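Morning, everyone. Please bring the structure up on your screens. I'll walk you through it piece by piece.

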Amino acid sequence: MRKTSALCFLLLTSTMLQAQQISLSRIDLQMDKLVVYFTLDDTNPNHTYQISLYSSKDNFATPLTKVAGDVGTEVKPGADKKIQWNMSQELGQYKGELSIEVRARVFVPFVKLTAFDTNRKYKRGKTYPLLWSSGNMGGQIDIDLYEGQNRIDGDRNVPNTGKYEFAINGSVKSGKDYRLKFTNTRNRDEYIFSQPFQIVPKVPFLVKAGGVAVVAAGLYFLFSGGDSPVPPDNSKEIEEWPTGLPNN
């Protein structure tokens, strides 16, 4: 990323029902991170905003995910706001010109998760209850599982009743960059993402490895007879058997 020939920065300023404005303060390039400083002015201090950062890499189609700071949902108006973007994690060895865009809209969530702990480790192959509140219960929503910017799995046309059984497919890979996306089927411009969370194997690898080790030790003492710590003459062959045993 240090070899990028040029960086061009764009800022989107929009108007809502109440007068509001985004003004860019400065942009800093810190190693592999880009830091965008901005001010969000609004005549209504009770408003909260959904702030997203986009890049020209995909023609500003989807929001960037390797971001932190005053970004996402429920960002309050004020000065000294900043977004940190890890460019190397998001783009890898990108070369060429790059533009970024900051977008803001008044955040009125049609769905708000009330019982989903993103600090918890979720196991693939298991089902977890989701609970949410909504200012307009009824209709249908899509609930999708994303890894980064890629949709992995999900259910379409789920009744907007405030509860849902979230099943993680057993084929989903372990990782830390998973998010849930809720989309209003009546207006697909209305959607929210959960904060990133981690998915882990249902049975940890170390537990499986430990089980194999116990079986191998049991076989050794079984064939050695248990009367002497010295293995028989064919001990070399016995020691090699556990690696060929089927996994139970």
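In which strand is tyrosine 37 found? Tyrosine 37 sits in strand S3, residues 33-42. Before we go further, remember that this is a predicted model.

Stay on tyrosine 37. Is tyrosine 37 buried or exposed? Its relative accessibility is 15%. The cut-off for buried is under 20%. So tyrosine 37 counts as buried, at 15%.

Who surrounds it? Leave aside the neighbours within four places in sequence. Tyrosine 37 is then in contact with Leu24, Ser25, Arg26, Asp28, Gln30, Lys81 and Lys82. Take the lysine at 81. In sequence, tyrosine 37 and lysine 81 are 44 residues apart. In space, their C-alpha atoms are 5.6 Å apart.

Now zoom out. The protein has 248 residues, and 33% of them count as buried. Its secondary structure comes to three helices and 17 strands. Look at contacts with a separation of 6 or more. Residues 24 or more positions apart account for 62% of those.

Next, strand S12, residues 140-147. S12 is mostly covered, with six of its eight residues buried. What does S12 pair with? One partner is strand S13, residues 150-159, which runs antiparallel to S12 and is joined to it by seven bridges. Leucine 145 stands opposite aspartate 153 in S13. The two strands form a hairpin, with two residues between them. Check glycine 148 in that turn: its phi is positive, about 65°.

S12 also pairs with S15. That pairing is antiparallel too, over seven bridges. Here tyrosine 146 stands opposite arginine 179 in S15. Keep arginine 179 in mind.

On to a sheet of three strands. It is open, the order is S9-S11-S14, and the pairing is antiparallel. Why is one side of S9 and of S14 left without a neighbour in the sheet? S9 and S14 stand at the edges, each with a single partner strand, so one side of each has no neighbour there. Look at how S9 meets S11, residues 127-133. Two bridges join them. Leucine 113 stands opposite tryptophan 132 in S11.

Let's go inside. How many residues make up the largest nonpolar core? It has 22, and those with the most contacts inside it are Leu130, Phe166, Phe182 and Phe197. S11, S12, S14, S15 and S17 each supply at least two residues of this core.

Pick out phenylalanine 182. Again, skip residues up to four places away in sequence. Phenylalanine 182 touches Phe110, Val111, Leu113, Leu130, Trp132, Ile141, Asp142, Ile143, Glu190, Tyr191 and Ile192. Leucine 113 and tryptophan 132, the facing residues of S9 and S11, are in that list.

Apart from the largest core lies another, of 20 residues. Its members include Phe38, Leu53, Met87 and Ala104.

Now the pockets. How much space lies in the largest pocket? About 490 Å³. It is lined by 27 residues, and the closest to its centre are Leu64, Val67, Val71, Gly72 and Arg179. There is arginine 179 again, the residue opposite tyrosine 146. Strands S4, S5, S6, S7, S15 and S16 each give two or more residues to this lining. S4 gives the most, with four residues. By type, the lining divides into 12 nonpolar, 11 polar and four charged residues.

The second largest pocket holds about 300 Å³ of space. Its lining has 17 residues, and nearest the centre are Thr73, Glu74, Leu113, Phe193 and Ser194. S6, S9 and S16 each give two or more residues to the lining. The largest share, three residues, comes from S6. Here the split is nine nonpolar, six polar and two charged.

Last stop: serine 194. Where does serine 194 lie? Serine 194 is in the loop between S16 and S17. Its relative accessibility is 8%, so serine 194 counts as buried. Leave out its neighbours within four places in sequence once more. Serine 194 is then in contact with Leu113, Phe116, Arg179 and Leu180.

Two of those names should be familiar. Leucine 113 is among the residues nearest the centre of the second largest pocket. Arginine 179 is among those closest to the centre of the largest pocket. Serine 194 is in contact with both.

That's my tour. Over to you.

Notes. Residues numbered from 1 in each chain as written. Predicted model: local features only at pLDDT ≥ 70, side-chain atom pairs only at ≥ 80, totals over all residues. Heavy atoms only, no water. 1 Å grid on protein atoms, 1.4 Å probe; cavity = no way out; pocket = protein on both sides within 12 Å on 5 of 7 lines; lining within 4 Å. Points joined across faces, edges and corners; volume = space filled by probe spheres on them. Nonpolar A, V, L, I, M, F, W, Y, C, P; charged D, E, K, R; others polar. Pairing = 2+ DSSP bridges. Core = buried A, V, L, I, M, F, W, Y, C linked by side-chain atoms within 4.5 Å. Buried < 20%, exposed > 50% of the residue type's maximum accessible area, 1.4 Å probe, protein only. Contact = heavy atoms within 4.5 Å.
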